[in-house]
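Hi there,

Here is the structure I promised to pass on to you. Have a look at it first, and then read on for what turned up.

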Amino acid sequence: MILSGGLSVESGARLWIPALDGALASADAKAAPGEPCSLFLAPSAPADVAISLCGAFAPPGAQPAGPNVLPARFRARREGVEELETQVVKLLSFEPIPQKVFDTQVGFNMLPAYGEESSENLEIFARGSSVKFETILPGGSPCQPSPSCKLRFFYSHAFTAYAEFKAAPVVKGVVAQLKNAGLKVADADDPPPTNVSVAGEARPVVGQPEADPGIETGVWL
């Protein structure tokens, strides 16, 4: 299993999320007869979430919107994390903040882009988070979400997502569909997932689905 998208241009490479084999056709089923299939690519975390939601909601015919992803700043290496930490301390002290890495205030903020002089590029990350969903989703699938990314956290990716069903869904049924797609769902009696509680988890963790207060068929994750 290759955890980078750098080999996506290699002949015979296939995107594969093993936990979705029960909900979607496996990668092997998509390989042409006689074609070796030994190079599997793991999609980015936002793409993993988006594809998994499609795997969960495609059977009942729901239409999920692209998740709004709040990515971790650890991607900017140690220098970026240290600048974020220093910004937070300086902002609480009402002192000027360093902006060498991000060229903008990322502490206590949620932004769609870094500053113009930033050594990091959030747009490149956002583009890399999107994949050709048709390579892993079944043909004709109505689910073709595109993750939207904004700056937020130190060391974790978080997301919110919305899905609309043909009829008002039962929460237990939604939970079952999410689990069938390989997602871990927090129990109703458990506290909501946090960036600390999900440490070490192999798959995305979802809180209990919540009905939209204004749309009878809508559900939020």
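Below I go through the salt bridges and then one pair of packed helices.

One thing to keep in mind: this is a predicted model.

Let's start with the salt bridges. How many are there? The count comes to three.

The one to look up first joins Arg203 and Asp48, whose side chains meet with N and O 2.9 Å apart. Arg203 sits in the loop between β8 (184–185) and β9 (205–206), while Asp48 belongs to helix α2 (residues 45–57), so this pair ties together parts that are 155 residues apart in sequence. Are these two residues buried or exposed? The cut-off for buried is under 20% relative accessible area. Arg203 has 18% relative accessibility, so it counts as buried. Asp48 is at 15%, so it counts as buried too.

That same loop between β8 and β9 holds Glu201, and its partner Lys184 is in strand β8, so here the salt bridge ties together parts that are 17 residues apart in sequence. The closest N and O atoms of Glu201 and Lys184 are 2.8 Å apart. Glu201 is partly exposed, with a relative accessible area of 34%, and Lys184 is partly exposed as well, at 42%.

The remaining pair is Glu95 and Lys90, with a distance of 3.1 Å from N to O. Glu95 counts as partly exposed at 37% relative accessibility, and Lys90 counts as partly exposed at 27%.

Now for the helices. Two packed helices are described by the angle between their axes and the distance between the axes. You already know α2 as the helix that carries Asp48; take a look at how it meets helix α5 (residues 171–180). Their axes come within 8 Å and cross at roughly 125°. Angles from 65 to 115 degrees would count as roughly perpendicular and those over 145 as roughly antiparallel, so α2 and α5 are oblique to each other. The crossing of α2 past α5 is right-handed.

Which residues meet there? On the α2 side they are Leu53, Ala56 and Phe57, and on the α5 side Val174, Gln177 and Leu178. Sorted by class, this contact has five nonpolar residues, one polar residue and no charged ones.

If you want to follow along on screen, try picking out Arg203 and Asp48 first, then move along α2 to Leu53, Ala56 and Phe57.

Cheers

Definitions and conventions:
Residues numbered from 1 in each chain as written. Predicted model: local features only at pLDDT ≥ 70, side-chain atom pairs only at ≥ 80, totals over all residues. Heavy atoms only, no water. Salt bridge = Lys/Arg side-chain N within 4 Å of Asp/Glu carboxyl O. Helix = DSSP H or I, 4+ residues; strand = E, 2+ residues; numbered from the N terminus. Buried < 20%, exposed > 50% of the residue type's maximum accessible area, 1.4 Å probe, protein only. Axes fitted to C-alpha atoms, helices over the stretch in contact; angles between N-to-C directions. Parallel < 35°, antiparallel > 145°, perpendicular 65-115°, else oblique. Left-handed = near helix turned anticlockwise from the far one by under 90°. Contact = heavy atoms within 4.5 Å. Nonpolar A, V, L, I, M, F, W, Y, C, P; charged D, E, K, R; others polar.
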